[in-house]
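Work through the exercises below with the structure open beside you. Try each task before reading its solution.

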Amino acid sequence: MTNRTVNLNVPVLARVEGEGALDLSIANGEISELRLRIFEPPRLFEKFLEGRHYMEVPDMVARICGICPVAYQMSAVQALESVLGIEPTPWIGDMRRLFYCGEWIESHSLHIHLLAAPDFLGFSNAIDMACKHPEIVRRGLKIQEAGNAIISFLGGRSVHPVGVRVGGFWHAPSAAAAAKLREELKALLPEVEALVLWTAALPLPDETQDFECVSLGRAGEYPITRGRIVSSRGLDIDIAEFEREFQENHVPHSTALHCHHRGQDYLVGPLARINLNLDQLPAPTRALLEKCGVRLPSSNIFHSIVARALEIHAAFVEAIRLLEAYEPTDTPYLEASPRAGTGFGASEAPRGILWHRYELDESGSIVSARIVPPTSQNQARIEADLRASLNRFGLDRPEEKIRQHAETVIRNYDPCISCATHFLKLKIDRP
Amino acid sequence: MNAHIHPPVRILCIGSPAEPDNLGFLAAHALMGKFDPEKVEVVALDRPGPRLIEHMRGADTVILVDAVKSGAPAGTLHKLEGRALDGMVMHHTSSHGFGLAETLALADRLGDLPKHLKFIGLEAGAKPFSADEIAQLVKAVAEEAGAALSSQATSPQAEPG
């Protein structure tokens with residue numbers, strides 16, 4: 001059961017794509033009000049899904065996000081298959097992990113190079129950064145393309161892929177295509193190693209905060225497509241128990257819901273994931289971490305960019321491993337008959353846990369759906385971070401400096417591409 | 001990471017399959033099959049963002065096709081190339097922070113723009129594009145691609161055969 005206070009008759013899921021704003025009031029040298037306003041109109045995807053057959057869901061939820069459609073598809077099929085009694089074969093499980101590696105590579109590389117890095121190097125945007133560091137941006141685009149190639153390998157195309165279905169994949173790619181992709185990834189691996197070392201050497205702010213990290217874990221592997229929900233404060237629950245522990249609330253200044261863990265903000269995403277699952281990183285990635293000199297687990301949220309680069313490396317290592325073992329199959333998907341019931345799905349989207357719940361009737365139609373994206377889970381944490389970080393930064397600084405710092409803090413969470421791009425309209429009220 | 005060798009002339013049609021931003025999608029479907037696929041590639045791209053650079057890489061001529069909002073009367077056919085492109089595409093609205101204008105600027109800084117970059121678009125209005133307007137656009141794009149092919153055939157750098 002959920003404790004959220006929004007009108008349950010009109011479930012609202014707002015992607016944070018679009019413009020946001022920050023309202024900040026400072027009185028007597030202290031922040032008296034801070035609101036990250038998100039006014040993207042509600043998209044109502046959960047409501048759109050009602051009455052649809054479960055086979056339509058993977059293609060519909062892929063449309064929620066152009067950057068992480070794989071995550072939406074993977075959480076959805078996991079939930080629906082749990083109702084239908086489908087137990088994915090090892091081939092399907094491996095290919096889902098490979099598919100997801102492509103999305104991590106594509107999304108993380110986009111964020112590092114085109115959104116976050118200019119902040120730390122003093123550029124106003126990636127275009128200006130490309131004038132001074134064209135080789136860095138070019139390398140980033142190549143790595144991003146590699147992620148897109150993995151998604152296309154199984155999904156048919158890299159944006160809103162169509163290769164996924166409930167039960168598996170529509171099509172098993174050829175061994176020759178797998179071998180070609182594997183060799184392309186192997187050739188790029190040294191550049192990914194260089195990327196990790198480059199991010200670790202960036203002049204990142206040195207500030208720590210006290211926050212709870214939440215991710216999937218205890219899956220016997222670095223968490224991507226499955227696991228229990230664990231936290232740095234001892235939480236360890238099945239994904240079906242999510243609604244008991246986490247509550248979404250509507251706040252007046254945002255069309256995205258704010259999610260709390262027992263009333264407290266918390267962090268999801270690459271830094272939380274890596275902090276909680278260091279022992280599950282592939283051995284070559286652990287060796288690279290030792291070499292780069294960043295100490296993990298870390299409570300410096302600005303280490304998120306290093307965590308993203310390490311996860312790109314881990315995804316490359318995993319993708320190469322899975323492609324080396326790849327053999328086509330005659331059964332890329334499993335069939336099932338419709339069945340009534342409620343199922344849960346959770347996977348690690350590039351930005352953190354993406355949780356789904358679906359209720360089906362006996363004909364296989366969706367009775368109700370609930371989707372909790374990572375951006376809504378991180379929103380309260382972003383506001384708490386802004387409050388602490390801006391106080392430390394200095395509230396007497398010029399408005400332009402405060403705006404830049406606030407943007408850097410927000411972008412660091414990679415809330416979504418359009419939100420994380422230069423968007424901030426800062427209104428400071430100083431009596 | 002290209003799956004195959006792309007032809008040197010590429011028509012990249014930008015748009016969503018869904019209205020109202022579906023001009024590129026409709027144009028791509030009208031143009032597919034009109035050319036030898038070994039010489040001219042026609043691709044429909046749904047809001048490609050920086051992936052556009054990947055699609056342009058290695059091309060001699062790229063013809064971008066998209067809807068435009070510049071203040072001109074609805075249905076106006078725009079044909080631009082070179083630096084004239086900058087001002088016009090800056091008016092193109094994008095649902096993402098990294099849209100067409102930003103992507104072309106980034107490709108320019110990286111030296112990844114094709115030798116010949118052309119843009120053909122229709123001015124968007126309050127109503128969907130008519131069949132006649134789309135046919136006019138398709139005709140203009142086909143003529144431009146034909147001219148690019150002719151130019152390649154007579155170019156001293158062109159490969160024999």
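Two residues are in contact if their C-beta atoms, placed from the backbone, lie within 7 Å. The model is predicted.

**Exercise 1. Determine how α4(A) and α11(A) are oriented to each other, and which residues form their contact.**

Step 1. Take the axes. Those of helix α4 (residues 90-121) of chain A and α11(A) come within 9 Å and cross at roughly 150°.

Step 2. Apply the cut-off: angles over 145 degrees count as roughly antiparallel. Therefore α4(A) is roughly antiparallel to α11(A).

Step 3. Assign the hand. The crossing of α4(A) and α11(A) is left-handed.

Step 4. List the contact. From α4(A) come Asp94(A), Arg97(A), Leu98(A), Cys101(A), Trp104(A), Ile105(A), His108(A), Ser109(A), His111(A), Ile112(A) and Ala116(A). In α11(A) they meet Ile305(A), Arg308(A), Ala309(A), Glu311(A), Ile312(A), Ala315(A), Phe316(A), Glu318(A), Ala319(A) and Leu322(A).

Step 5. Sort by class. The contact of α4(A) with α11(A) has 13 nonpolar, three polar and five charged residues.

**Exercise 2. Repeat the analysis for α10(A) and α11(A).**

Step 1. Helix α10 (residues 283-292) and helix α11 (residues 304-324) of chain A pack at an angle of about 155°. Their axes are 9 Å apart.

Step 2. This pair, α10(A) and α11(A), is therefore roughly antiparallel.

Step 3. The crossing of α10(A) and α11(A) is right-handed.

Step 4. Pro284(A), Thr285(A), Leu288(A) and Leu289(A) are the residues on the α10(A) side. Their counterparts in α11(A) are Leu310(A), His313(A), Ala314(A) and Val317(A).

Step 5. Six residues of the contact of α10(A) with α11(A) are nonpolar and two are polar; none is charged.

**Exercise 3. Find the strand order of the sheet that holds β11(A), and say which helices lie across its strands.**

Step 1. The order is β11-β12-β13 (chain A), in an open sheet with antiparallel pairing.

Step 2. Find the edges. β11 (341-349) and β13 (366-372) of chain A each have a single partner strand, so one side of each is left without a neighbour in the sheet. The twist averages 15° from one strand to the next.

Step 3. Check one pairing. Nine bridges link β11(A) and strand β12 (residues 352-360) of chain A in the antiparallel sense. Ser347(A) has Leu354(A) in β12(A) as its bridge partner.

Step 4. Add the helices. Helix α3 (residues 69-84) of chain A lies across β11 and β12 of chain A, at about 150° to β11(A). Helix α12 (residues 374-393) of chain A lies across β11, β12 and β13 of chain A, at about 130° to β12(A).

**Exercise 4. Locate a cis peptide bond and two residues with positive phi in chain A.**

Step 1. Recall the background. Most residues other than glycine have a negative phi, and most peptide bonds are trans.

Step 2. Check omega. The bond joining Leu296(A) and Pro297(A) is cis, with omega about 0°. Pro297(A) sits in the loop between α10 and α11 of chain A.

Step 3. Check phi. For Asn28(A) phi is near 50°. Asn28(A) belongs to the loop between β1 (20-27) and β2 (30-38) of chain A. For Arg262(A) phi is also near 50°. Arg262(A) belongs to the loop between β9 (258-261) and β10 (266-267) of chain A.

Step 4. Judge exposure. A residue is exposed if 12 or fewer other C-beta atoms lie within 10 Å of its own. Asn28(A) has 6 such atoms within 10 Å, so Asn28(A) is exposed. Arg262(A) has 12 within 10 Å, so Arg262(A) is exposed.

**Exercise 5. Decide whether the faces of β1(B) are covered or open, and set β1(B) within its chain.**

Step 1. Count. In strand β1 (residues 9-14) of chain B, six of six residues are buried.

Step 2. Separate the faces. In a regular strand the side chains alternate between the two faces of the sheet. One side of β1(B) has Val9(B), Ile11(B) and Cys13(B); the other has Arg10(B), Leu12(B) and Ile14(B). All are buried, and both faces are covered.

Step 3. Find the partner. β1(B) runs parallel to strand β2 (residues 40-45) of chain B, joined by six bridges. Cys13(B) stands opposite Ala44(B) in β2(B).

Step 4. Widen the view. Chain B has five helices and five strands, in the order β-α-β-α-β-β-α-α-β-α from the N terminus. Of its 161 residues, 41% are buried. Among contacts in chain B with a separation of 6 or more, 75% join residues 24 or more positions apart.

How values were computed
Residues are numbered from 1 along each chain as its sequence is written. Chains are lettered from A and ligands numbered from 1 in the order in which they are written. This is a predicted model: local features need pLDDT of at least 70, side-chain atom pairs count only at pLDDT 80 or more; totals for chains, interfaces and linings use all residues. Two strands pair if DSSP finds at least two bridges between them. Helices (H or I, at least four residues) and strands (E, at least two) are DSSP runs, numbered from the N terminus. Axes are lines fitted to C-alpha atoms, for helices over the stretch in contact, and angles run from 0 to 180 degrees between N-to-C directions. Angles under 35 degrees count as roughly parallel, over 145 as roughly antiparallel, 65 to 115 as roughly perpendicular and the rest as oblique. A crossing is left-handed if the near helix is turned anticlockwise from the far one by less than a right angle, and right-handed if clockwise. Ala, Val, Leu, Ile, Met, Phe, Trp, Tyr, Cys and Pro count as nonpolar, Asp, Glu, Lys and Arg as charged, and the others, Gly among them, as polar. A residue is buried if 20 or more other C-beta atoms lie within 10 Å of its own, exposed if 12 or fewer, and partly exposed in between; C-beta atoms are placed from the backbone.
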